[in-house]
Amino acid sequence: MQERKRVRFALVTFAVLSLALLGLIAYRRAEGLRLVRRLPSHPDRYAVRFETMGTIGNIVVVAPSREDAERWVRAAMVEIQSINESMSTYRPDSELSRLNREAAGGPVEVSPRLWRVIEFSVKLSERTGGAFDVSYSPLRDLWRTASARDSLPTREEIEAARAKTGWRNLRLDPEKRTVAFAVPGMKLDLGAVAKGYALDLAVEAMVREGMKQGFVDLGGDLRVVGRAETGRAWAVGVRDPLKPAEKTAITDKLYLADAAVATSGNYERHFNVGGKLYSHIIDPATGWPVTEVISATVIAPTGMESDGLATAVSVLGMDKGLKLIEETPDAECLLIAMRDGQPVQKRSAGFDAYEKQTP
Ligand code: AMP
Ligand code: MG
């Protein structure tokens, strides 16, 4: 009798445990199929992490329900994907790649979105005296070749590449929305602004669908909407450029509401030539990668402005870079350079206000 009871008890325990395990597996599966994950630390926040535009994207939204969160996130991802498909130079089928193949032969009509980014870039090129140059791409190709063969470009190679660059050699017709290249071998690259523009479209799409609080992060470029659930500004870390391997090491904490921030750093992507690392940002005036500014953080109302300005000040350097930001309404910056082995900072007049949490 005793024996029977024990067997029954064992069987029941086994059945209960098996069911619990099956339930757990089913739950984990369903969770895995879901687009967004609910954050245990903040029950009203839903998040998604994904790969895009050669980087990692993160979207976080404050939502009354999972359904809302999924709808918003999906709308954002569609926009980011569409910008990647149209403006990537890594895709031969993108609209930008087609433009690069055809515009030396005569005017090519572009979509309103591509037009908007090119127009913004050309204005920034003009404002920065060509330090920012949407047509710098032949120089990038040269430095890629140099990295692959592991020897520095020669002066002749740099001059040959520079001859194919220059935003002044672009022929734009705003009425017809056409772009033509006046010099053969010209090419456009939107790597400095496309992520920012994708942020703007993603945020606008979510806001149209009803989202009021959240943010989109594309590999360090970020745009926040509203404030966090607590009513306080969103806290955003600026990566420490001296500790590139430690992704969580931060040099500054910013508090943002309805704003965008971008950091251009030489720790992100490089050309490696002869074991030495060179920045992926190139000064079109010299044809050489920039060395002075090791991290440029720019806060601005939109993603495209903060992204474009961060790259532009990286080329301009500490003094001219700061001046550009001081002259831009609603933009602030924190620039870091190395002097005698020590990091030195320059901040625009209104930057410090973003380092304090609002009451
Ligand atoms: P970001 O990561 O936003 O600083 O942008 C860096 C990207 O900007 C590079 O990967 C290049 O695609 C692009 N870039 C590099 N140098 C320049 C330049 N002088 N003008 C415009 N874009 C540039
Ligand atoms: Mg940029």
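The legends below describe close-up views of a predicted model.

**View 1. The magnesium site.**
The magnesium ion (ligand 2) has protein donors from A192, D307 and T311. A192 gives its O atom, D307 gives both O and OD, and T311 gives OG1, at 2.0 to 2.5 Å from the ion. Along the sequence, the donor residues follow the spacing A-x114-D-x3-T. A192 sits in the loop between β6 (178–181) and α7 (194–208), while D307 belongs to helix α8 (residues 303–316), so the pair ties together parts that are 115 residues apart in sequence. A192 and D307 are both buried.

**View 2. The sheet of three strands.**
Three strands form an open sheet in the order β4-β6-β5, and their pairing is antiparallel. The edges are β4 (108–109) and β5 (170–173); each has a single partner strand, so one side of each has no neighbour in the sheet. Strands of a sheet pair through backbone hydrogen bonds, which can be arranged in a parallel or an antiparallel way. Between β5 and β6, which run antiparallel, there are four bridges. Opposite D173 stands T178 of β6. Helix α4 (residues 112–127) lies across β5 and β6, at about 125° to β5.

**View 3. Helix α4 and its surroundings.**
The 16 residues of α4 should span 22 Å at 1.5 Å a residue, and the end C-alpha atoms are 22 Å apart, which agrees. The buried residues of this helix are L114, W115, V117, I118, F120, S121, V122, L124 and S125. What do the buried residues of α4 pack against? Their partners are α2 (66–87), α3, β5, β6, α7 and α8. After α4 comes G129, which has a positive phi near 60°.

**View 4. Helix α5 and what covers it.**
Helix α5 (residues 137–149) has 13 residues, which should span 18 Å at 1.5 Å a residue; its end C-alpha atoms are 19 Å apart, in agreement with this. Buried residues in α5 are S137, P138, L139, R140, L142, W143 and A146. The cover over these buried residues includes α6 (155–163) and the strands β12 (270–273), β13 (276–279), β14 (282–283) and β15 (288–289). Just after the helix, D150 has a positive phi of about 65°.

**View 5. The sheet of nine strands.**
A second view of strands shows an open sheet of nine, with antiparallel pairing and the order β1-β2-β3-β7-β8-β11-β16-β17-β18. At its edges stand β1 (37–39) and β18 (342–347), each with a single partner strand, so one side of each is left without a neighbour in the sheet. On average, and with direction ignored, neighbouring strands here are turned by 15° against each other. Strand β2 (residues 42–52) and strand β3 (residues 55–62) run antiparallel and are joined by eight bridges. R45 has V62 in β3 as its bridge partner.

**View 6. Helices on the sheet of nine strands.**
Helix α7 lies across β3, β7 (214–218) and β8 (221–225), and runs at about 20° to β8. Helix α9 (residues 318–326) also packs on the sheet, where it touches β16 (293–300), β17 (332–339) and β18. The direction of α9 makes about 175° with that of β17.

**View 7. A salt bridge within helix α3.**
E102 and R98 form a salt bridge, with their closest N and O atoms 3.0 Å apart. Both residues lie in helix α3 (residues 95–102), four residues apart, which is about one turn of the helix. An α-helix has 3.6 residues a turn, so residues three or four places apart point the same way. E102 is partly exposed at 37% relative accessibility, and R98 is partly exposed at 33%.

**View 8. Further salt bridges.**
The count of salt bridges in the model is 25. One of them joins the side chains of K243 and D240, at 3.7 Å from N to O. Are K243 and D240 buried or partly exposed? K243 is partly exposed, with 38% relative accessibility, whereas D240 is buried, because its 12% is under the 20% limit. Another salt bridge links R347 and E355 at 2.8 Å from N to O. R347 is partly exposed at 29% relative accessibility, and E355 is partly exposed at 23%. Salt bridges with shared partners also join R140, D141, K187 and D189 into one network.

Key: Residues numbered from 1 in each chain as written. Chains lettered and ligands numbered in written order. Predicted model: local features only at pLDDT ≥ 70, side-chain atom pairs only at ≥ 80, totals over all residues. Heavy atoms only, no water. Donors = N, O, S within 2.8 Å, 3.2 Å for Na, K, Ca; no water. Helix = DSSP H or I, 4+ residues; strand = E, 2+ residues; numbered from the N terminus. Buried < 20%, exposed > 50% of the residue type's maximum accessible area, 1.4 Å probe, protein only. Pairing = 2+ DSSP bridges. Contact = heavy atoms within 4.5 Å. Axes fitted to C-alpha atoms, helices over the stretch in contact; angles between N-to-C directions. Salt bridge = Lys/Arg side-chain N within 4 Å of Asp/Glu carboxyl O. Expected span 1.5 Å × (residues − 1).
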